[in-house]
Amino acid sequence: MIGDVVVITVLTIVGFATHETLGQTGRLVITIAAFLAAWAFVAPWFGVFDQVTIGQAGAVWRIALAWVAAAPLGAVLRGLVLRQDVPPVFVLVMMIVTGVGLVVWRAILTRFA
């Protein structure tokens with residue numbers, strides 16, 4: 001789970017850096033917290049923290065599926081806290097970029113587990 005937190009946090013920071021908004025610390029923290037909360041809520045439903053899943057290379061698909069479910073929830077949570085609309089393109093980019101990051105990280109973990 002620590003690796004998941006690191007991936008979500010680092011990729012969110014990279015996104016803020018890409019948009020030159022790193023100075024908006026409050027938004028950054030809210031964004032990270034919203035997506036981590038969504039991940040913490042959704043991921044267990046897909047069994048992504050189960051030891052059996054972590055050790056099986058074929059189970060990495062669960063990570064992608066769980067993130068596809070968690071990303072929109074995280075975006076909605078962020079939008080509610082910031083009182084902003086949730087642009088579909090933001091959800092899509094977050095889903096793809098962070099989803100790939102999580103899958104790659106978990107594939108590496110599975111390789112060494």
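This tour moves through a predicted model helix by helix, naming at each stop what to select and what is found there.

**Stop 1: helix α1**

Begin by selecting residues 2-18, which form α1. This helix has 17 residues, and its first and last C-alpha atoms are 24 Å apart, close to the 24 Å expected at 1.5 Å a residue. Colour G3, D4, V7, I8, T12 and F16 next; these are the buried residues of α1. They pack against α2, α4 and α5. At the end of the selection, T18 still belongs to helix α1, and it counts as exposed because its relative accessibility is 59%. A distance drawn from the C-alpha of T18 to that of V60 gives 28 Å, for two residues 42 places apart along the chain. Just beyond the helix, select E20, whose phi is positive at about 55 degrees.

**Stop 2: the salt bridge between α1 and α5**

Return to D4 and add R106 to the selection. The two residues form a salt bridge, with their closest N and O atoms 2.7 Å apart. D4 lies in helix α1 and R106 in helix α5, so the pair ties together parts that are 102 residues apart in sequence. The structure holds 1 salt bridge. Are its two partners buried or exposed? D4 counts as buried because its relative accessibility is 1%, and R106 likewise counts as buried, at 5%.

**Stop 3: the loop after α2**

Select F49, in the loop between α2 and α3, the latter being residues 51-55. With a relative accessible area of 25%, F49 is partly exposed. Measuring from the C-alpha of F49 to that of R83 spans 32 Å, with their positions 34 residues apart in sequence. R83 is visited again at the end of the next helix.

**Stop 4: helix α4**

Now select residues 61-82, the 22 residues of α4. Does the end-to-end distance of this helix agree or disagree with the expected span? At 1.5 Å a residue the helix should span 32 Å, and its end C-alpha atoms are 32 Å apart, so the two agree. Centre the view on A70, where α4 bends by about 25 degrees. A proline, P72, follows within four residues of that point.

Highlight the buried residues of α4: I63, A66, W67, A70, A71, G74, A75, R78, G79 and L82. A70 thus belongs to the buried set and is also the site of the bend. An α-helix has 3.6 residues a turn, so residues three or four places apart point the same way. The buried residues of α4 pack against α1, α2 (25-42) and α5 (88-112).

Step past the end of the helix to R83, which follows α4 and is found in the loop between α4 and α5. R83 has a positive phi of about 55 degrees although it is not a glycine. This residue is exposed, since its relative accessible area is 79%.

**Stop 5: helix α5, buried residues**

Extend the selection to α5, residues 88-112. It has 25 residues and reaches 36 Å from first to last C-alpha, close to the 36 Å expected at 1.5 Å a residue. Its buried residues are V91, M94, M95, T98, G99, G101, L102, R106 and T110; R106 is the salt-bridge partner of D4 from the second stop.

Zoom in on G101, which lies in helix α5. It is buried, as its relative accessible area of 18% falls under the 20% limit. Setting aside residues up to four places away in sequence, G101 touches V7 and L11. The C-alpha atoms of G101 and I8 are 8.0 Å apart, although the residues are 93 places apart in sequence.

**Stop 6: helix α5, nonpolar surface patch**

Finally, display the surface and select V89, L92, V93, I96, V97, V100, V104, I108 and F112. Together they make a nonpolar surface patch of about 860 Å². Two members in helix α5 are worth selecting individually: I96 and V104. I96 counts as partly exposed because its relative accessibility is 49%, and V104 is also partly exposed, at 46%. From V104, draw a distance to V7: the C-alpha atoms are 9.8 Å apart, and the residues are 97 places apart in sequence. V7 is one of the buried residues of α1, which returns the view to the helix of the opening stop.

Note on methods: Residues are numbered from 1 along each chain as its sequence is written. This is a predicted model: local features need pLDDT of at least 70, side-chain atom pairs count only at pLDDT 80 or more; totals for chains, interfaces and linings use all residues. Side-chain values use heavy atoms; hydrogens and water are left out. The expected span of a helix is 1.5 Å times one less than its number of residues. The bend at a residue is the angle between axes fitted to the seven residues ending there and the seven starting there. Buried means under 20% relative accessible area, exposed over 50%, partly exposed in between (1.4 Å probe, protein chains only). Contact means heavy atoms within 4.5 Å. A salt bridge is a side-chain nitrogen of Lys or Arg within 4 Å of a carboxyl oxygen of Asp or Glu. Patches are made of residues with over 30% relative accessible area and no salt bridge: like charges are joined within 9 Å, nonpolar side chains (Val, Leu, Ile, Met, Phe, Trp, Tyr) within 5 Å. Accessible areas come from the Shrake-Rupley method with a 1.4 Å probe; for residues, only the protein chains shown count as cover.
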